[in-house]
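Trainee: Could you take me through one part of this structure slowly? I would like to see how two helices meet.

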Amino acid sequence: MTRRHGYALLAAILSMIVALSTAIYVGVATDDGTHQRTTLAGGRAPHNSAAPASTGVWVGTWSASPVGGEPGTETDGMAGRSVRNVVHASIGGTSARVTLSNLYGQSPLTITHASIALAAGAQTAEAAAQTMRRLTFGGNTLVVVPAGQQVLSDAVVLRIPAGSDVLVTTYSPVQSGPVTYHPRARQISYAAEGDRTEDPTGTAYTEQTEYWRYLTALDVLSDEAEGTVVAFGDSLTDGVGSTTNANHRWTDLLSRRLRSAIEAGRNVPRYSVVNQGIGGNQVLVDGLGLPHSRLRSSGGTPIAENQAGVARFARDVLGRSNVKVVIIDLGINDILRNPRLADPDAILDGLRTLVDQAHARGIKVIGATLMPFGGHRGYTDARESVRRQINAEIRSGKVYDAVADFDKAVRDPYNPRKFRSDYDSGDHLHPSDKGYERMAAAIDLDDLKGAAPAEL
């Protein structure tokens, strides 16, 4: 039997299963951690599935924004292969649930098995065997995610320590079209031939990739946190320039600062930190996508790759669990990628739109000044002038509730158009590991306190 015929047979079998049941369409969690779902009729939960057994609140411990359709997966997707994503928990919890996305798929994504486990060590696909849990969706192992949508799993009891690596594995036996992915993850994940979702050894996972596939969020029922901080930005938030597998993005370092401050008895909020950065992201303009990537959701609306900040804010910030604060570091690509000279007022208006959306949900907003890019190939004096105008408005307090002065933290005091040399990764745009440390240190932890200002 050829591979094509095998897919056809599997597709026919799965179609019969779905025809006898009601497809699962699980809603995304709202900001208070609740969600709605309908389930396959008559489904039974596998032995590993269980309702949360402890008190606490649902918060995000890790997340990544869907960016586009993975090149080379336009037809087959990841059919016949297991995808094992490695993610890093910013906060601990007693139960877990995941969000899987088919935002850039052109056909339904069928997942027949999925699992979650703690990694057995660093930089490995091997799981700690006793932590392996089967994931279910409405009590069933099979879930069909429509093109342009996402799905939230049932909660499963699993103690996840803060700072641990977590393995989330999915298996799809049939073609599904483009894989919704997040490139440049600065984290090695894995893939294997066949259904290896509950294989703890990791031996079969011979393919390595710096992509996160399908997985866009990991939430925990936490007795350590009372809310989530979302970092919303571009490659400077995504961590480009930091060491791979080191979890040295400024968001990771901010999370560690918060935990250390709490352990030291400081009066700071008990928050997790999640990262919604996308390389190349702009406030106002969508990224450039290949023709096959201009996909359509179930409503028929085109979905751009690398959606503009104003287009994705509702999904990537307001749609995360129990969000209390958002930190925005966005705007530098609007300056660098504009074929004409960018309008600082238009960029500021876009940022204020994000602030208004956050305030409408009671979310406090901390905003970052735009860091220097002198020496980068896109630098001009005119673009530098735009950056300074935007920073002056941010520092004046007329944009955000509080300010993190990333520019001041990393610039060369003798040449403020450029990074200080040891804070520069080498491309004069992205920080080094040391530069990311400076960014995290520039955030006043006391600014995380409180809520959005009341509307008059």
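**Where two helices meet**

Mentor: Happy to! Helix 6 and helix 7 are oblique to each other, because their axes cross at roughly 40°, and angles under 35 degrees would count as roughly parallel, while 65 to 115 would count as roughly perpendicular. Please keep in mind that this is a predicted model.

Let us place the two partners. Helix 6 covers residues 344–360 and helix 7 covers residues 381–395, and their axes come within 9 Å. Two packed helices are described by the angle between their axes and the distance between the axes. The crossing of this pair also has a hand: helix 6 and helix 7 cross in a right-handed way.

Now look at the side of each helix that takes part. From helix 6, the contact is made by Pro344, Ile347, Leu348 and Arg352. Facing them from helix 7 are Val386, Gln389, Ile390 and Glu393. Sorted by character, the residues of this contact comprise five nonpolar, one polar and two charged. Arg352 of helix 6 and Glu393 of helix 7 are the charged ones, because Arg and Glu both count as charged.

How confident is the predictor along the chain? The mean pLDDT is 88, and 84% of the residues reach 70 or more. Some stretches do fall lower: pLDDT stays under 50 over residues 1–53, and likewise over residues 289–300. For residues 1–53 the model has 101 contacts beyond four places in sequence, and for residues 289–300 it has 27 such contacts.

Conventions
Residues numbered from 1 in each chain as written. Predicted model: local features only at pLDDT ≥ 70, side-chain atom pairs only at ≥ 80, totals over all residues. Heavy atoms only, no water. Axes fitted to C-alpha atoms, helices over the stretch in contact; angles between N-to-C directions. Helix = DSSP H or I, 4+ residues; strand = E, 2+ residues; numbered from the N terminus. Parallel < 35°, antiparallel > 145°, perpendicular 65-115°, else oblique. Left-handed = near helix turned anticlockwise from the far one by under 90°. Contact = heavy atoms within 4.5 Å. pLDDT = per-residue confidence, 0-100.
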